[in-house]
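I opened this one with coffee in hand and a few things to look up. Here are my notes, in the order I took them.

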Amino acid sequence: MKREIPLMATAVIGIFMILSFFVPHQLVSVPADFLQTSAVIVVAFGYVLGGANALRINFDAIYKRREGWPYKIVLVAGLLTMVTVGAIEGRGFQGEHTRFTWIYNSVYSPMQSTMFALLAFYIASAAFRAFRIRTLEAALLAVAALIVMIGRVPIGDWLTHALPAPYRLSALQEWIMDNPQNSAKRAILIGAALGVMATGLRVILGLERSYLSGED
Amino acid sequence: MSLVKRLETFDRRWIFLTVGLLVLLPLIWPVPLPITVGPRAQKFYDAIEALPEGSTVLLACDYDPGAKPELVPMTRSVLRHLFARHCKAIITCLWNGGPGLVDQTVREVGREQGKVYGVDYVDLGYKAGYEAVMVLMGQSIPNTFPTDQSGGVTTSYPIMQGIRNYSSFPILISISAGYPGTKEYVQQVEGRFHIKIIAGVTAVSAPEFYAYLQSGQLQGLLGGMAGAAEYEKLRGESGAATRGMVPQSFAHVFIAFCILAGNAVQWLKRREKSA
């Protein structure tokens, strides 16, 4: 019964939610809304559980002096600081002039921007060291990448301004993006959508059970 | 040490320094480069121009500070465009790292344009739940977001009077950096609730949306900082995206040069070996 009841609940709710997409009647839409609201509440609880889990795992790592434990102190301190400040601020903790917002603007926002800005440096270095053209396919990829990379920015048109408009880099990159790129992307999207539908059906029919306890 | 060997063991900090200078110097001394407006940005602009004056628009800002250089200029220009057309904006965010940045951006533009919070725009803040929230908004937006970003009661604001769900808006503008974002709005909302969507996305995710644009599920698309710069040009603004195009141009050219140089070194190495 430990497995049958969750499988049954999944099947019934899955079929019901699919039905709610096509049947706008109150008998279907009201319970469907209730289930959607419940899903949002469950996700909110997930954050609480995630926070508690992060604390437990990192406290354990600090206590046992595992590799990188000083960084875990920073993580725990950051987590506790934000939760405490948010709790002290109360309901409007995300308001414009709160301490919570000040920490967000002064610490979190610049740090995250910095992390992403670093990518520019590593991409340039990786382009020099790792992008090897050894096959015809790699050569095609490289040529397309160079055209799109330069054509997407204004310097592409500046470099090719003497050419007729359809042969400028911006026009070439538009063609690459609209035709070969889009065709390949659409094929991937359709394939992925079919995969999602198949997986959804397998879950509803109880064939896919890995979400229950990690078993197939 | 041979030239090939020296190039192969080249200290990558020189690359970092070059990238740094190529980005920094044009920001200090701007170089004018022509910006060509593409068809996707034009469609995005036209979709906002086609809105009846005074409409209330749903602006979904789903990003965090990692996407700030690309998406904040878009958000600013979109808000200025909407306010110039006397439209009102209701802003939401489904990214847990983003509400602070979105709120700051929205309020800055609101103040700059002399608009009143709660009357001309409102920031409903963050709600956990990803796609479930998008679907719930189709039932009731005030119930999904009972309080705004600052903790105020949503229904107490004049702008929220008469707002029920997606049917209250002529268009949904999705500015997004990934999941959950534009793709999920197209999948969960466009077909089910029959609302027009236009989107501004990061450059890296833009190709994913070309198919949706061709199929008519998206009515306009701004891709990355280049898209934001095109939109600024259409609006007659010279904002952060326009200024950012020169450093980005130089960085792209340098990365292209790195790809070619790296392969030239490998080619020389192979030739040296075979000799």
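**Notebook: helix, sheet and core**

I began with helix 3 of chain A, residues 69–89, and checked its length: its 21 residues reach 30 Å from the first C-alpha to the last, close to the 30 Å expected at 1.5 Å a residue. I kept in mind that this is a predicted model. Stepping just past the end of helix 3 of chain A, I found A:Gly90 with a positive phi of about 85°.

Next I moved to chain B and looked up strand 5, residues 196–201. Is this strand mostly covered or mostly open? I found it mostly covered, with 5 of its 6 residues buried.

Then I went through its neighbours. Strand 4 of chain B (residues 171–176) pairs with strand 5 of chain B in the parallel sense over 6 bridges, and B:Ser176 has B:Val201 as its bridge partner. I traced the connection too: the chain leaves strand 4 of chain B, passes through helix 8 of chain B (residues 182–193) and arrives at strand 5 of chain B, a right-handed β-α-β crossover.

Strand 5 of chain B also pairs with strand 6 of chain B (residues 221–223), again parallel, over 3 bridges. There I noted B:Val201 opposite B:Gly223.

Last, I looked up the largest nonpolar core, which has 91 residues. B:Leu172 is among those with the most contacts inside it, as are B:Val57 and B:Phe209. Helix 11 of chain B (residues 240–274) gives the most to this core, with 9 residues. I listed what B:Leu172 touches beyond four places in sequence; B:Leu58, B:Tyr185, B:Val189 and B:Ile197 are among them.

Methods. Residues are numbered from 1 along each chain as its sequence is written. Chains are lettered from A and ligands numbered from 1 in the order in which they are written. This is a predicted model: local features need pLDDT of at least 70, side-chain atom pairs count only at pLDDT 80 or more; totals for chains, interfaces and linings use all residues. Helices (H or I, at least four residues) and strands (E, at least two) are DSSP runs, numbered from the N terminus. The expected span of a helix is 1.5 Å times one less than its number of residues. A residue is buried if 20 or more other C-beta atoms lie within 10 Å of its own, exposed if 12 or fewer, and partly exposed in between; C-beta atoms are placed from the backbone. Two strands pair if DSSP finds at least two bridges between them. A crossover is right-handed if, with the strands pointing away from the viewer, the path from the first strand over the helix to the second runs clockwise. A nonpolar core is a set of buried Ala, Val, Leu, Ile, Met, Phe, Trp, Tyr and Cys residues joined through C-beta atoms within 7 Å. Two residues are in contact if their C-beta atoms, placed from the backbone, lie within 7 Å.
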